[in-house]
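Hi everyone, thanks for coming. I'd like to spend a couple of minutes on some backbone details today, so let's put the structure up.

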Amino acid sequence: MNILGLEFLVFSVDDMAGSRQYLLDYGLAEREYDPALGGVFTALDGTGLIVRPDHYPGLPPSPPGTLTPVLRETVYGVDNADTLATLRAHLEAERDVYADADGTLHCIDDSGFGVAFMVTKRRNFDARYLGFNVPGQAPGRPANDTAANPDEVIKPRTLSHVVYFVDDVKKAEAFYARLGFKVVDRFRHLGPFMRPSGTTDHHTLFLIQSQSAHMVGCNHFTFHLGSGGEVLQHGWNFVQKGYKSFWGPGRHVLGGNFFWYFNSPFGATMEFDADMDLHDDNWVPRLLDPGAENSQIFLFDACNKWAPGE
């Protein structure tokens, strides 16, 4: 089943105005917005976030034990209508499924999370080509093309991944494995990083075994930026706007991506990421012990700007 990756994440929120401003500052485009009904905010390729008030009609139930703000549904894009029909037959054989007017399939996964599938509406986009000058390789940028622009407008390019705390990680993994998700790497006693068959991204889903009945729900989510430099510059600008850094900047070991996490109004941290590893079916998953050494290859804290002589 050719599931391409994340299409939308749907959140119910308490602070609609604050959520809107956060997403605009994050760099997403406002596709629609109503203060009473919420809105849709997208990356360059059309993937994105949908934010709604808790009482919005048709929202799936929250995962057991969670309160607003909370992730209500994860929507995956598939390649075509035939794949969607195959998914429907598979899901209906084991659970309740309903289709809305545009054909999107909705159900609840084995961990209590709303999950949906739609024919993708991702689009091609134009964005600055990011080349890198590396000794021993052909130049990534032509002569006189400067890389550092303090006024660069940095936009998220595509929705990257989502991470769940679940109460039974083996059961959760089995559900997505039946949909064709593959384990790419795993933290021992914690959970797997998984990717659907339609992407080579290291993961679009990471499942973490909850250590408490009260710790179930979305851990974090993120969009891909264009480079590690964009993560640092955009994260720096985010700090200057007053947003609270939670973890980073740094670079993960599993996945290899640059990261910077921030507190958010969505009941989960929101990350900037870039330069994630790609894997195909020849990859042999790694098994690592969880812990600080295996969570990041390096980690920094932001500090005030400085110049020689100051």
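Let me start with a question for the room: does Asn-144 count as buried or exposed, and at what relative accessibility? While you look, please keep in mind that this is a predicted model. Right, here it is: Asn-144 has a relative accessibility of 79%, and because the cut-off for exposed is over 50%, this residue counts as exposed. You'll find Asn-144 in the loop that runs between strand E8 (114-119) and strand E9 (158-166). I picked Asn-144 for its backbone: phi is near 75 degrees, so we have a positive value in a residue other than glycine.

As a reminder, most residues other than glycine have a negative phi, and most peptide bonds are trans.

Now on to Asp-275, which is not a glycine either, yet has a positive phi of about 60 degrees. Asp-275 sits in the loop between strand E16 (269-274) and strand E17 (286-288). With 44% relative accessibility, Asp-275 counts as partly exposed.

Let's turn to the peptide bonds. Thr-68 and Pro-69 are joined by a cis peptide bond, with omega at about 5 degrees. If you're following along on the screen, look for Pro-69 in the loop between strand E4 (48-53) and strand E5 (70-78).

And where is Pro-249 found? That proline is in strand E14, residues 245-251. The bond leading from Gly-248 to Pro-249 is cis, and its omega is near 5 degrees.

That's my tour, and I'm happy to zoom in on any of these spots.

Key: Residues numbered from 1 in each chain as written. Predicted model: local features only at pLDDT ≥ 70, side-chain atom pairs only at ≥ 80, totals over all residues. Heavy atoms only, no water. Helix = DSSP H or I, 4+ residues; strand = E, 2+ residues; numbered from the N terminus. Buried < 20%, exposed > 50% of the residue type's maximum accessible area, 1.4 Å probe, protein only.
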